[in-house]
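Subject: A structure for you to explore

Hi there,

Here is the structure I promised to pass on. Have a look at it first, and then read my notes below.

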Amino acid sequence: LAEIPPLRLRTRLRYDTGRYFAEAEGVFSAAQEFVNTDLLETRTPGCGIANMVVGANLGAFTVQAIASTIFDELYYENLSYQRDPFRSGGRGYEPGVNLFINFTYRFGGR
(Lines give C-alpha, C1' and ligand atoms only; values in the text may rest on other atoms or scores of the structure.)
Protein backbone atom coordinates (compact mmCIF):
# COMPACT_ATOMS: atom_id res chain seq x y z
CA LEU A 1 0.00 0.00 0.00
CA ALA A 2 1.52 3.26 -1.11
CA GLU A 3 2.33 6.20 1.13
CA ILE A 4 0.94 4.91 4.43
CA PRO A 5 2.11 7.38 7.09
CA PRO A 6 3.96 6.18 10.18
CA LEU A 7 2.41 6.14 13.64
CA ARG A 8 1.69 9.63 14.98
CA LEU A 9 0.85 10.61 18.56
CA ARG A 10 -0.68 13.95 19.47
CA THR A 11 -1.11 14.79 23.15
CA ARG A 12 -2.43 17.97 24.79
CA LEU A 13 -2.60 19.39 28.27
CA ARG A 14 -5.09 22.24 28.80
CA TYR A 15 -5.72 24.54 31.75
CA ASP A 16 -8.98 26.48 31.48
CA THR A 17 -10.65 28.79 34.00
CA GLY A 18 -13.50 29.67 31.66
CA ARG A 19 -12.07 33.12 31.01
CA TYR A 20 -8.37 32.33 30.49
CA PHE A 21 -6.80 29.20 29.06
CA ALA A 22 -3.42 27.74 28.18
CA GLU A 23 -2.59 24.63 26.21
CA ALA A 24 0.62 22.70 25.59
CA GLU A 25 0.73 20.15 22.78
CA GLY A 26 3.28 17.54 21.74
CA VAL A 27 3.20 15.90 18.30
CA PHE A 28 5.39 12.84 17.76
CA SER A 29 5.90 10.84 14.56
CA ALA A 30 7.61 7.47 14.28
CA ALA A 31 10.21 6.81 11.61
CA GLN A 32 8.98 6.00 8.09
CA GLU A 33 10.50 2.57 7.50
CA PHE A 34 8.60 1.28 4.45
CA VAL A 35 9.41 3.28 1.35
CA ASN A 36 9.36 2.76 -2.42
CA THR A 37 12.98 2.51 -3.52
CA ASP A 38 11.87 2.41 -7.19
CA LEU A 39 10.81 6.06 -6.75
CA LEU A 40 14.12 6.81 -4.95
CA GLU A 41 12.30 7.39 -1.66
CA THR A 42 14.43 7.28 1.46
CA ARG A 43 13.47 6.58 5.03
CA THR A 44 12.23 9.50 7.11
CA PRO A 45 13.48 9.71 10.71
CA GLY A 46 11.00 10.18 13.55
CA CYS A 47 10.44 13.62 15.01
CA GLY A 48 8.69 15.46 17.79
CA ILE A 49 7.50 19.06 18.06
CA ALA A 50 5.84 21.19 20.72
CA ASN A 51 3.15 23.87 20.36
CA MET A 52 1.70 26.37 22.87
CA VAL A 53 -1.56 28.33 23.00
CA VAL A 54 -2.65 31.00 25.50
CA GLY A 55 -5.89 32.91 25.29
CA ALA A 56 -8.82 34.65 26.88
CA ASN A 57 -12.59 34.55 26.42
CA LEU A 58 -13.93 38.09 26.61
CA GLY A 59 -17.69 37.80 26.19
CA ALA A 60 -18.39 37.20 22.52
CA PHE A 61 -14.68 37.71 21.69
CA THR A 62 -11.84 35.22 22.05
CA VAL A 63 -8.18 36.10 21.57
CA GLN A 64 -5.45 33.48 21.21
CA ALA A 65 -1.67 33.65 20.92
CA ILE A 66 -0.25 30.52 19.30
CA ALA A 67 3.38 29.41 18.96
CA SER A 68 4.04 26.30 16.89
CA THR A 69 7.29 24.33 16.76
CA ILE A 70 8.50 26.29 19.78
CA PHE A 71 11.90 24.55 19.96
CA ASP A 72 12.64 25.47 16.30
CA GLU A 73 13.39 21.89 15.25
CA LEU A 74 14.50 21.22 11.68
CA TYR A 75 12.40 18.30 10.46
CA TYR A 76 10.32 17.06 7.57
CA GLU A 77 7.15 15.07 7.37
CA ASN A 78 7.22 11.53 6.04
CA LEU A 79 7.40 11.27 2.25
CA SER A 80 7.38 15.07 1.92
CA TYR A 81 9.06 15.04 -1.46
CA GLN A 82 8.21 17.62 -4.06
CA ARG A 83 5.50 15.67 -5.87
CA ASP A 84 6.38 16.43 -9.47
CA PRO A 85 7.30 13.30 -11.46
CA PHE A 86 10.42 15.02 -12.78
CA ARG A 87 11.81 16.02 -9.37
CA SER A 88 14.80 14.27 -7.85
CA GLY A 89 13.12 13.43 -4.53
CA GLY A 90 14.31 16.48 -2.60
CA ARG A 91 12.84 16.88 0.88
CA GLY A 92 10.47 19.70 1.78
CA TYR A 93 11.46 20.83 5.28
CA GLU A 94 8.75 22.14 7.58
CA PRO A 95 8.89 25.77 8.69
CA GLY A 96 10.51 26.70 12.00
CA VAL A 97 8.81 28.65 14.78
CA ASN A 98 5.49 30.20 13.76
CA LEU A 99 3.63 32.82 15.79
CA PHE A 100 -0.06 33.59 15.31
CA ILE A 101 -2.65 35.78 16.96
CA ASN A 102 -6.29 34.83 16.39
CA PHE A 103 -9.29 37.02 17.15
CA THR A 104 -12.72 35.37 17.11
CA TYR A 105 -16.19 36.88 17.43
CA ARG A 106 -19.20 34.64 18.14
CA PHE A 107 -22.55 35.90 16.89
CA GLY A 108 -25.57 35.30 19.10
CA GLY A 109 -23.73 35.03 22.43
CA ARG A 110 -23.45 31.91 24.56
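Below is what I found, going from the overall sheet to a few residues.

Please keep in mind that this is a predicted model.

Let's begin with the sheet. It is open and built from 5 strands, in the order β1-β2-β3-β4-β5, with antiparallel pairing. At its edges are β1 (8-16) and β5 (98-105), each of which pairs on one side only. From one strand to the next, the twist averages 15 degrees. In case pairing is new to you: strands of a sheet pair through backbone hydrogen bonds, and they can do so in a parallel or an antiparallel way.

Now pick out β3 (residues 47-58) and β4 (residues 61-68). These two strands run antiparallel and are joined by 7 bridges. One place to look is L58, whose bridge partner in β4 is F61.

Two residues of β4 are worth a visit. F61 lies in this strand, and S68 does too. Which of the words buried, partly exposed or exposed fits F61? F61 counts as partly exposed because its relative accessibility is 48%, which falls between the limits of 20% and 50%. S68 has a relative accessibility of 15%, so this residue counts as buried; the cut-off for buried is under 20%.

What surrounds S68, apart from its neighbours within four places in sequence? S68 is in contact with A50, N51, G96, V97, N98 and F100.

Finally, go back to F61 on the surface: together with L58, Y105 and F107, F61 makes a nonpolar patch of about 480 Å².

Enjoy exploring!

Best wishes

Terms used
Residues are numbered from 1 along each chain as its sequence is written. This is a predicted model: local features need pLDDT of at least 70, side-chain atom pairs count only at pLDDT 80 or more; totals for chains, interfaces and linings use all residues. Side-chain values use heavy atoms; hydrogens and water are left out. Two strands pair if DSSP finds at least two bridges between them. Helices (H or I, at least four residues) and strands (E, at least two) are DSSP runs, numbered from the N terminus. Axes are lines fitted to C-alpha atoms, for helices over the stretch in contact, and angles run from 0 to 180 degrees between N-to-C directions. Patches are made of residues with over 30% relative accessible area and no salt bridge: like charges are joined within 9 Å, nonpolar side chains (Val, Leu, Ile, Met, Phe, Trp, Tyr) within 5 Å. Accessible areas come from the Shrake-Rupley method with a 1.4 Å probe; for residues, only the protein chains shown count as cover. A salt bridge is a side-chain nitrogen of Lys or Arg within 4 Å of a carboxyl oxygen of Asp or Glu. Buried means under 20% relative accessible area, exposed over 50%, partly exposed in between (1.4 Å probe, protein chains only). Contact means heavy atoms within 4.5 Å.
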